[in-house]
Amino acid sequence: MLIFILPLASLVIIWWTVYWMGLIRVLPSPIEVAGTMVSRWRILLRDLGSSAVRIAAGFCLAMVIGIPVGLLMGTNRYVHFLLRPILTLLLPVPTLAWVPILLIMWGVGDQTIIFAIFLGGFFSIAYNTATGVRGIDQDLILAARIMGASRRELFAKVLLPGSMVSVLAGLRLAIGYSWRALVGAEMLAAASAGLGFRVFNSWRFVAVDVMFASLVIIMAIGFIMERFLVEPLERRTVKRWGMIRV
Amino acid sequence: MYELASFLFPLLLFVALWEIFAHTGLVKPILLPPPSKILKRLLIEAGKGAGEIGLADHLLNSLYRLVIGFSTGAMVGALSGLGMGMNRWIYGYLNPVITVLMPVPGITWTPILVLVLGFGDPTLITVTFIASFFPVAYNTAAGVRSVKRDHIWAGKIMGVDRMGTVFKILIPSSAPYIITGLKLGLARGWRTLIACEMIAAALTGIGFWIFDAKEYLKTDVIYGGIIVMAMVFVIIDRIGFGYLERQTIEKWGMSADIG
């Protein structure tokens, strides 16, 4: 624990030294930022709440739509044939590139942000689910069929467990993409609250202390998600099943 | 050849359906312009000559920022990762820093960097650098740390010096990880760059181009920009990384398919 914190403390010391030497004119001191976090806790908590609701909604949407689409692509080769090129092309498109269209369609607000988060997560979930289902050994599927598995049994006992590693890998990637999409979309399209909005808004009004306070919160949330969402997912799946770590 | 045809056919079908659908008027044409209109707009933008800022200027500016930001980010990232893999003090220091800073969306650095470096290329290149650095450093470190001790000892016994260990054992053994890191780094650098071009008004760049088009409701430009981005990235990924993989890990019988 201490070994983990010391290097981070050194970063704060570097920050403080830069402030003290006055190398960057607008930089606030760490103490000032901590003070802002305490005095503005109400606003920051509200931002945190709005962001949490948005990412939960967008990510669930991506999961609920992405996994079935992926399963369909994996099990039906016509669907796969038709959708694969489109997914391959759209997968690397920066999520925020869709935001201008969404802004024209819906204007600033939750709808735009949630849809951007959905788009951030959807492609990697669908793509990885499809890859996972298609990667299942055909012999296993044939064996299950010979032994008289119904369609539902085949799905629940062979296809789903067999593609789990890949599905979870997709979800893990999607968490990262949705998180980035959330902060980015909030910068471009939030009306009144949200962590990204707070950074952007305080930047416009050159309220540098609030900006840094929101940044520190973003860092903490990113770290918490990585530690308590992504790493357990990875431990439960990729490592336990003896796959290579990404 | 069949591969290419089976890739293009669904796309053409999709475009044809889109064209028909756009003409039915079920969706407002401003929200979903037909592909023919987008193509026309792209050709007009691409044909803009000197004195005007056209598609070529936007694209070249974005690529210029990407190339500088990514190549420096990847270089520093690979060196840091190598250091982390070889020395546990470096690992002990950099690992917490990377763990905490890596999940920060690259775009959040933009406001700070604008305050320090101002609007324009320095900010955009630095953001691309930051975004590319972390995946490369993280994966290189993981790769070097996964190299079997036996191989290093075997090398030492056979009289390989330090440089030999690095270039003949550590780097080749961790190549799949390094290439995965480079791929992720390029993808993150590219996404972050586009996003930053949107908020740090740069006056050029694909990201700026499509975000600016929103002000004039030029949806054909936005869709055109998305198509250009998709194509550029697929070309870089297939040709650039395809070549790199064939020259290295495929030749050595490894695979980078761990992402």
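## A helix pair in chain A

Helix axes here are lines fitted to C-alpha atoms over the stretch in contact, with angles running from 0 to 180 degrees between N-to-C directions. With that in hand, take α6(A), residues 110-134, and α8(A): their axes come within 7 Å and cross at roughly 160 degrees. Anything over 145 counts as roughly antiparallel, so α6(A) is roughly antiparallel to α8(A). The crossing of α6(A) past α8(A) is right-handed. As for what sits in this helix-helix contact, its residues divide into 18 nonpolar, twelve polar and two charged.

All of this comes from a predicted model, so keep the confidence scores further down in view.

## Chain A as a whole

Chain A is a helical affair: ten helices and zero strands. Read from the N terminus, its elements go α-α-α-α-α-α-α-α-α-α. The C-alpha trace spans about 75 × 50 × 30 Å along its principal axes.

Of the 246 residues in chain A, 41% count as buried. Look at contacts in chain A between residues at least 6 apart in sequence, and 74% of them join residues at least 24 apart.

## Where the chains meet

The contact between the two chains draws on 43 residues from chain A and 44 residues from chain B. On the chain A side, the elements giving two or more residues are α1 (2-21), α4 (77-90), α5 (99-106), α8 (151-189), α9 (195-204) and α10 (208-239). Of these, α10(A) gives the most, with eight residues.

What is that side of chain A made of? By class, it has 38 nonpolar, two polar and three charged residues.

## A spot in chain B

Over in chain B, B:L39 sits in helix α2, residues 35-46. Is B:L39 buried or partly exposed? It counts as partly exposed, because it has 15 C-beta neighbours inside 10 Å, and being buried takes 20 or more. Measuring C-alpha to C-alpha in the model, B:L39 and B:Q247 are 36 Å apart in space, with their positions 208 residues apart in sequence.

## Confidence

The model as a whole scores ipTM 0.86 and pTM 0.88. For chain B, the mean pLDDT is 87, and 97% of its residues reach 70 or more.

Among the elements of chain B, the highest mean pLDDT, 94, belongs to helix α6 (residues 121-145). The lowest, 85, goes to helix α8 (residues 162-173) of chain B.

Conventions:
Residues are numbered from 1 along each chain as its sequence is written. Chains are lettered from A and ligands numbered from 1 in the order in which they are written. This is a predicted model: local features need pLDDT of at least 70, side-chain atom pairs count only at pLDDT 80 or more; totals for chains, interfaces and linings use all residues. Helices (H or I, at least four residues) and strands (E, at least two) are DSSP runs, numbered from the N terminus. A residue is buried if 20 or more other C-beta atoms lie within 10 Å of its own, exposed if 12 or fewer, and partly exposed in between; C-beta atoms are placed from the backbone. Two residues are in contact if their C-beta atoms, placed from the backbone, lie within 7 Å. Ala, Val, Leu, Ile, Met, Phe, Trp, Tyr, Cys and Pro count as nonpolar, Asp, Glu, Lys and Arg as charged, and the others, Gly among them, as polar. pLDDT is the predictor's confidence in each residue, from 0 to 100. Angles under 35 degrees count as roughly parallel, over 145 as roughly antiparallel, 65 to 115 as roughly perpendicular and the rest as oblique. A crossing is left-handed if the near helix is turned anticlockwise from the far one by less than a right angle, and right-handed if clockwise.
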